[in-house]
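These are my notes from a session with one structure, kept in the order in which I looked things up. I began with open space and then turned to strand pairing.

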Amino acid sequence: MTARYGGYPERKIEKSTQAFLSQLDPQLRFLRSYQEIRPRAPHCREMILRVEFDAMMRLALAEGWASRQEGNKGYGAVVALGSRVVGCAHDTAVSRRDPSLHAELNAIRQAVLTLGDDNLSGAILFSTCERCPMCSSLAVWANLTAIVYGISIEETARLGKLRIHVSAAEISERSPVMLEVIGGALREECRALYV
């Protein structure tokens with residue numbers, strides 16, 4: 001069972017506590033400070049707080065509009081650990097001529113650099129559009145707790161965007177870690193990026 005939670009036995013409790021809280025309110029988040037229990041602290045700090053999904057999504061939307069202004073495809077993403085933004089970026093695949101530079105990848109890289117840790121357990125990835133299979137898989141490998149998006153892959157495909165039709169929920173269901181997928185945050189505002 002330990003492998004399901006990224007090889008960190010203490011994270012099993014964290015993610016199951018989060019699953020319970022999400023049933024009450026998806027914006028309630030459980031966070032544990034692992035830095036305070038390493039190497040030999042007598043206790044750790046734990047907290048439950050409310051993350052304002054709309055506020056985080058508005059930051060992702062601003063990144064999406066910045067992307068469009070630079071000639072990119074209009075995707076924006078934010079990584080938040082509680083109410084703290086640790087990564088905020090947009091896609092740069094067109095402007096930097098690198099097809100891997102999706103908004104989510106750029107935001108996750110920024111979060112890893114900000115936190116100095118490649119394990120982003122407790123963090124949420126917000127994105128204007130449902131993540132592609134590459135970015136959904138990266139969310140799994142980064143051990144994110146949740147992904148929240150505005151408009152779905154299916155909706156953007158109907159708007160004429162070239163997409164791989166594999167949902168973030170499908171990647172999550174097949175992943176070795178618990179990863180919540182929440183769609184429809186500021187959906188109409190996000191949709192406006194792609195029409």
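I looked up the largest pocket in this predicted model, and its volume came out at about 440 Å³. Its lining is made up of 19 residues, and those closest to the centre of the pocket are Lys73, Tyr75, His102, Leu162 and Arg163.

Next I asked which helices contribute to the lining of the largest pocket. I found that α3 (103–115) and α4 each supply at least two residues of that lining. Sorting the lining residues by character, I noted 11 nonpolar, 1 polar and 7 charged.

I then turned to strand β6, residues 146–151, and asked how many of its residues are buried. The count is 6 of the 6, and because buried here means under 20% relative accessible area, I take β6 to be largely enclosed by the rest of the structure.

For the partners of β6, I went through the bridges strand by strand. With β5 (residues 123–129), β6 pairs in the parallel sense over 5 bridges, and within this pairing I recorded Tyr149 of β6 as the bridge partner of Ser127. Following the chain from β5 to β6, I passed through helix α4 (residues 133–141), and I noted that this β-α-β crossover is right-handed.

With β7 (residues 180–182), β6 is joined by 3 bridges, and these two strands also run parallel. Here I wrote down that Ile147 stands opposite Val181 in β7.

Reading the entries together, I see α4 twice: as a contributor to the lining of the largest pocket, and as the helix of the crossover from β5 to β6.

Conventions. Residues numbered from 1 in each chain as written. Predicted model: local features only at pLDDT ≥ 70, side-chain atom pairs only at ≥ 80, totals over all residues. Heavy atoms only, no water. Buried < 20%, exposed > 50% of the residue type's maximum accessible area, 1.4 Å probe, protein only. Helix = DSSP H or I, 4+ residues; strand = E, 2+ residues; numbered from the N terminus. Pairing = 2+ DSSP bridges. Right-handed = clockwise from strand over helix to strand, strands pointing away. 1 Å grid on protein atoms, 1.4 Å probe; cavity = no way out; pocket = protein on both sides within 12 Å on 5 of 7 lines; lining within 4 Å. Points joined across faces, edges and corners; volume = space filled by probe spheres on them. Nonpolar A, V, L, I, M, F, W, Y, C, P; charged D, E, K, R; others polar.
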